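Thanks for coming, everyone. I'll put the sequence and the structure up, and then we'll walk through some spots that caught my eye.

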Amino acid sequence: MSDPGVTDADAVAVRRFWQDLGLPGLIDVHTHFMPQRVLDKVWAYFDAVEPLVGIPWPVKYRDEEDERLAVLRGFGVRAFTSMLYPHKPDMAVWLNQWAVGFAERTPDCLHTATFFPEPGAEGYVREALANGARVFKAHVQVGGYDPADPLLDPVWGLLAETGTPIVVHCGSGPAPGTYTGPGPVAAVLARHPRLRLIIAHMGLPEYAEFMALAERYDEVHLDTTMVFTDFIEKRWPFAPADRGRLAALGDRVLFGSDFPNIPYPYGHALEVLTRIGQDEDWLRAVCYGNAARLFGI
């Protein structure tokens, strides 16, 4: 049964989803919280992105921070991230400092940090870990950098040594970048095979190639962010023939939403997971169990 205290139709549908699976809630590994002036620029990007990707992208949950947190909690999301990322040098330290404060005032947030290929990156990543960072975000597309840049080699080494997960946007969707695609990430994994990478959006649109990396490297995970939704399937469909590979990788697939920057109701990202031929054990693992194990929740 849905929580009688929750009346919003979106929240009722989301809560019914995880309650019917017998879960205590959801863990969402791909949500965005960042300084408001940065988030405003992100929203402006999506407002203007239609000529680039061929489809309008109206941000659904364009609310104040406290309202967005209340919405997630109303859905029954028990833990979530604050994905933030720099697009230039000398920005990551400031973002990480903001993230410390956000994590301190938001106990259900998995303290998130970031980095950029620049001198001193290893030092501030080490500092972020000391400050309690539990997950990092790397955005190859927005940052416009090669993840195999030698300046990042000590960062990858440190994160591999500490077993810290990194959500990395490295696929070529919604628009390709100079260093997107499986090749640059494969080069990083060849040097650091124990890296706990979480491939954002399952590497869309190069789903098959990124699944191959997960099949080769035991610590590589995939997040479901936006994949299988009607919005994405119209332009970047997931091949039905590859659904069996998803079943075999069921212990390393994690639910992600991209909240608040999605152009449809949050519950749609969950509902579509029931359409792809996986069983309830797979759904329980993806929506809660795998992330709970990975993050010790």
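Let's start at Pro260, which sits in the loop between β9 (253-254) and α13 (266-271). Helices here are DSSP runs of H or I with at least four residues, strands are runs of E with at least two, and both are numbered from the N terminus. The peptide bond between Phe259 and Pro260 is cis, with omega at about 5 degrees.

Before I go on, the small print. This is a predicted model, so local features need a pLDDT of at least 70 and side-chain atom pairs count only at pLDDT 80 or more, while totals for chains, interfaces and linings use all residues. Residues are numbered from 1 along each chain as its sequence is written, and side-chain values use heavy atoms, with hydrogens and water left out.

Okay, back to the backbone. A cis bond also joins Leu204 and Pro205, again with omega of about 5 degrees. Pro205 is in the loop between β7 (197-199) and α10 (207-216). As background, most peptide bonds are trans, and most residues other than glycine have a negative phi.

That second point brings me to His201. What is phi at His201, which is not a glycine? For His201, phi is positive, about 60 degrees. His201 also belongs to the loop between β7 and α10. His201 counts as buried because its relative accessible area is 7%; the cut-offs are under 20% for buried, over 50% for exposed, and partly exposed in between, using a 1.4 Å probe and protein chains only.

Met226 is another one with a positive phi, near 70 degrees, and it isn't a glycine either. You'll find Met226 in the loop between β8 (221-223) and α11 (230-233). With a relative accessible area of 1%, Met226 is buried.

Staying around β8, have a look at His221, which lies in that strand. His221 is at 6% relative accessibility, so we call it buried. Its side chain reaches the backbone oxygen of Glu219 at 2.9 Å. Leaving out neighbours within four places in sequence, the contacts of His221 are Leu197, Ile198, Ile199, Arg252, Leu254 and Leu294. By contact I mean heavy atoms within 4.5 Å.

Now over to α13, for Leu270. Buried or exposed, what do we say for Leu270? Leu270 is buried, at 1% relative accessibility. Not counting residues up to four places away in sequence, Leu270 touches Val14, Phe17, Leu26, Phe255 and Cys287. If you want a long hop along the chain, Leu270 and Arg68 are 202 residues apart in sequence, and their C-alpha atoms are 18 Å apart in space.

For one that isn't buried, try Arg62, in the loop between α3 (50-53) and α4 (65-75). Arg62 comes out as partly exposed because its relative accessibility is 37%. Which residues does Arg62 contact, once neighbours within four places in sequence are set aside? Those are Trp43 and Asp47. With Asp47 there's a side chain to side chain polar contact at 2.7 Å. A polar contact here is a pair of N or O atoms within 3.5 Å; within protein, one must be able to donate a hydrogen and the other to accept it, and residues adjacent in sequence count only if both atoms are side-chain atoms. Also, the C-alpha atoms of Arg62 and Ile262 are separated by 9.5 Å, with their positions 200 residues apart along the chain.

One last residue: Val140, in helix α7 (residues 140-143). Val140 is buried, with 2% relative accessible area. Setting aside residues up to four places away in sequence, Val140 touches Tyr145, Pro147, Val168, His169, Cys170, Tyr179 and Thr180. Val140 and Pro184 are 44 residues apart in sequence and 9.7 Å apart in space, C-alpha to C-alpha.

Now let me zoom out to the whole protein. The secondary structure comes to 14 helices and nine strands. Buried residues make up 60% of the 297 residues. Of the contacts with a separation of 6 or more, 77% are between residues 24 or more positions apart. Along its principal axes, the C-alpha trace spans about 55 × 40 × 40 Å.

That's my tour, so over to you.
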